[in-house]
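Biologist: Hi! Could you walk me through this model? I'm new to reading structures.

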Amino acid sequence: MSQAIALHKPGAFVDAGTLADGATLKADVVIIGSGAGGAVSASQLASAGFDVLVLEEGGHHTRADFKMREDINYPMLYQEAGARATKDVGVTILQGRAVGGTTVVNWTTSFRTPAHVYEHWRSAHAVGGVTVEQLGPHWDEVERRLNIQQVSLDETNRNNRVLYDGCKALGLAVETTRRNVKGCMKSGYCGMGCPVDAKQSMLVTYLPDAVARGARVVSRCRVDKLVVEGGAVKRVAASVIGDDGYNVSGKQITVEARRFILAAGGIGTPAILIRSGLGGGMVGRRTFLHPVHGTAAHYKDPVEPYYGAPQSVASHAHADRGDEVGLFYEAAPMHPMLAAVATPGYGAMHHGAMQRLPYLAAHVALAIDGFHPSEEGGTISVRESGAPVIDYVVPLRVRKALLFGAKTLARINFAAGATEVGFGEFPHVLARNEKELDRLTENYDVMKLPLFSAHVMGGCKMGDDPKSSVVRSTDLRHHTLENLHVVDGSVFPTSLGVNPQESIYGLAHLISERLASAWKT
Amino acid sequence: MNRRTFIRRGLWGGLLLAVGSSIGLASWPTDRSRKPRRGLRAIDERHFAILAAVAARMVGAPKADPIEIAHRIDAQLALGAPEARADFGKLLLLLENALAGLVLDGRARPFTHLSPAAQDDVLAHWQRSSLLIRRSGYGVLRKLTQAAHYAAPEAWADVGYPGPPQIGIPS
């Protein structure tokens, strides 16, 4: 145990704005990022007796701030005020930015990493230090802590139910999902922060656990860079974010520690390494997004896609399509702003479609990118201001899969009774039956499909070959800096084929246990 | 489109952005009749006038307020990276630019001087363009303007959205 334990302050959530300009904080372990990876690591390491300090760029918002309003909560809780996108603006990216990270705004869908994914990583990416067998007990523990349980069919809203019914009618495998909720009121506002703390996000679980064991969580603190001296990371240079929640205040702080864990996510973690002069090699390479295209189906009776648990049904019927890119299908909640963004066209046409919002069912096809050798994903770089940029030209084969996925979702909705299904911006496909669907999608230019993403994975891949990875798999330690680890979704060598949160929780739980054990000796 | 094609289009797009913000017919003054109601945080009054003109065509709701929409986007841009603000300004000038419009669409007037129907035609050209930068630019302008309108409670009743439920917050 280090001397810092003797100086251990009581745990607390601290707003960086309350710190003095030029302040220097000290800890055993600094964790950069408070989302799925950072929060679980903080809790585990604090429980093991380490003095843990978590730095988070976003604000510390709690249920009283979650107003169930898109105009208030998207700017408050999402990266770039909800307007993050790839460099060519071809993919809009919804990613959280708050104490608790994306777990504060995700739609609660919880899957363990499929076993074949780790098998692929072992054979194709030299990931020898982690297996699903090793992860099993850690997932068990995470599922207990976060109350992850399968939804019963009668708990689903109609938006999800039509996906279920349509899949069943077509003979496609479909199941209700597992969700990390306790006392869920099914209001439908998971994406704007849970107003009743039913969602078992990091904000109300592992972060308070960490604080109860002495960890400090410093919000509104943007890490500018890691400072390396003598072959080790010595400290973190950080800027305090101002009152608007985004721009820097001018105040700067320094954090010194013996060990550093990057957990800033698939975009933030590589960006910090690059800003620190630690880029190159595989840093900021192989970023995957589960690129998404959605469909809008209209029904005669109200669907009310804005109420009820947002995601409670998923189909992985097309996750394995042989050499073709795999897909999975889920529902998407639609409040007016998201619906406006997802609805193509402008002027009267757009407004006319918007007026049918209560009758709209919205579903998404998510492409499982990164498994074919030709799929190299996106790259992360930083602009002059230090802001990250993701450059991802989604390949043709992924786009072709998404057209197949959109057509499948259209068929599912027809089978469930939809009167009309639409997708694409221009050409906009609007079909009333399968015959029209086939005619309208013949020779469709898939490069013009507008895409979005809510899952950022990769960018600092793990592996046991230093030439093709950034961190080694057994403890996610940087290949050359012995006191630097990366514990977040950026270490995944490919996408996952499932919503990522539980994959990150389980891996962080396992790795932080290993780290605690190694560091105590 | 393969990567090489994309790069070519990307370069062409970069050239267009440069044209949009510098040369020739770009000097035709913007119609600034759509003025801000309060101080601007991220864009200037010329950008604001173009943005409000775009909002007036993009958002079809009868009660939409293009000036307010432009203010909301200005506030959102103030939270973004400075490079993103600069890119957005260039995008607006490219749309406004008469020279690029003349070359690509056969229109010789800035966007803000066109009739509403002619402005709709320009948006249609951008929506359907084979140039990635125009399609992407259209997407950015469409999503930002429509999101800024429909996110606010004033827009909800028009689209049949009852608003969030009353939830008893546990103590």
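Modeller: Happy to help; we can talk about how the chains meet, then a helix, then one residue in a strand. One thing to keep in mind is that this is a predicted model.

Biologist: Great. How many residues does each chain put into the contact?

Modeller: Chain A brings 50 residues and chain B brings 51 residues. Between them, the two chains bury about 4200 Å², and 61% of that is on carbon and sulfur atoms.

Biologist: Which residues of chain A lose the most area to chain B?

Modeller: Those are A:Tyr346, A:His351 and A:Phe426, which together make up 16% of what that side buries.

Biologist: And how many salt bridges does the rule find across the interface?

Modeller: The rule finds two salt bridges there. In a salt bridge with an N to O distance of 2.7 Å, the side chain of A:Arg383 meets that of B:Asp87. There are also 24 residue pairs in polar contact across the interface, counting pairs with both residues at pLDDT 80 or more.

Biologist: Which helix gives the most to chain A's side?

Modeller: That's α9(A), with five residues. The residues on the side of chain A that touches chain B split into 26 nonpolar, 11 polar and 13 charged.

Biologist: Switching topic: what about helix α2 of chain B, is it mostly buried or exposed?

Modeller: Of its 14 residues, 10 are buried, so α2(B) is largely enclosed by the rest of the structure. Among the buried ones are B:Phe48, B:Ile50, B:Leu51 and B:Met58.

Biologist: What do those buried residues pack against?

Modeller: The buried residues of α2(B) pack against α3, α4, α6 and α7 of chain B, together with α9 of chain A.

Biologist: Cool! Which residue caps the N-terminal end of α2(B)?

Modeller: B:Asp44 does, with a side-chain oxygen 3.1 Å from the backbone nitrogen of B:Arg46.

Biologist: How far apart are the end C-alpha atoms of that helix, and what span should we expect?

Modeller: They are 20 Å apart. At 1.5 Å a residue, the 14 residues of α2(B) should span 20 Å, so the two agree.

Biologist: Last one: where does A:Ala232 lie?

Modeller: A:Ala232 lies in strand β10 of chain A, which covers residues 232–241. Leaving aside neighbours within four places in sequence, A:Ala232 is in contact with A:Val227, A:Leu481 and A:Asn483.

Biologist: And how far is A:Ala232 from A:Ile412 in space?

Modeller: The two are 55 Å apart, C-alpha to C-alpha, and 180 residues apart in sequence.

How values were computed
Residues are numbered from 1 along each chain as its sequence is written. Chains are lettered from A and ligands numbered from 1 in the order in which they are written. This is a predicted model: local features need pLDDT of at least 70, side-chain atom pairs count only at pLDDT 80 or more; totals for chains, interfaces and linings use all residues. Side-chain values use heavy atoms; hydrogens and water are left out. Helices (H or I, at least four residues) and strands (E, at least two) are DSSP runs, numbered from the N terminus. The expected span of a helix is 1.5 Å times one less than its number of residues. Buried means under 20% relative accessible area, exposed over 50%, partly exposed in between (1.4 Å probe, protein chains only). Contact means heavy atoms within 4.5 Å. A polar contact is a pair of N or O atoms within 3.5 Å; within protein, one must be able to donate a hydrogen and the other to accept it, and residues adjacent in sequence count only if both atoms are side-chain atoms. Buried area is the accessible area (1.4 Å probe) that two parts lose on being put together, summed over both. A salt bridge is a side-chain nitrogen of Lys or Arg within 4 Å of a carboxyl oxygen of Asp or Glu. Ala, Val, Leu, Ile, Met, Phe, Trp, Tyr, Cys and Pro count as nonpolar, Asp, Glu, Lys and Arg as charged, and the others, Gly among them, as polar.
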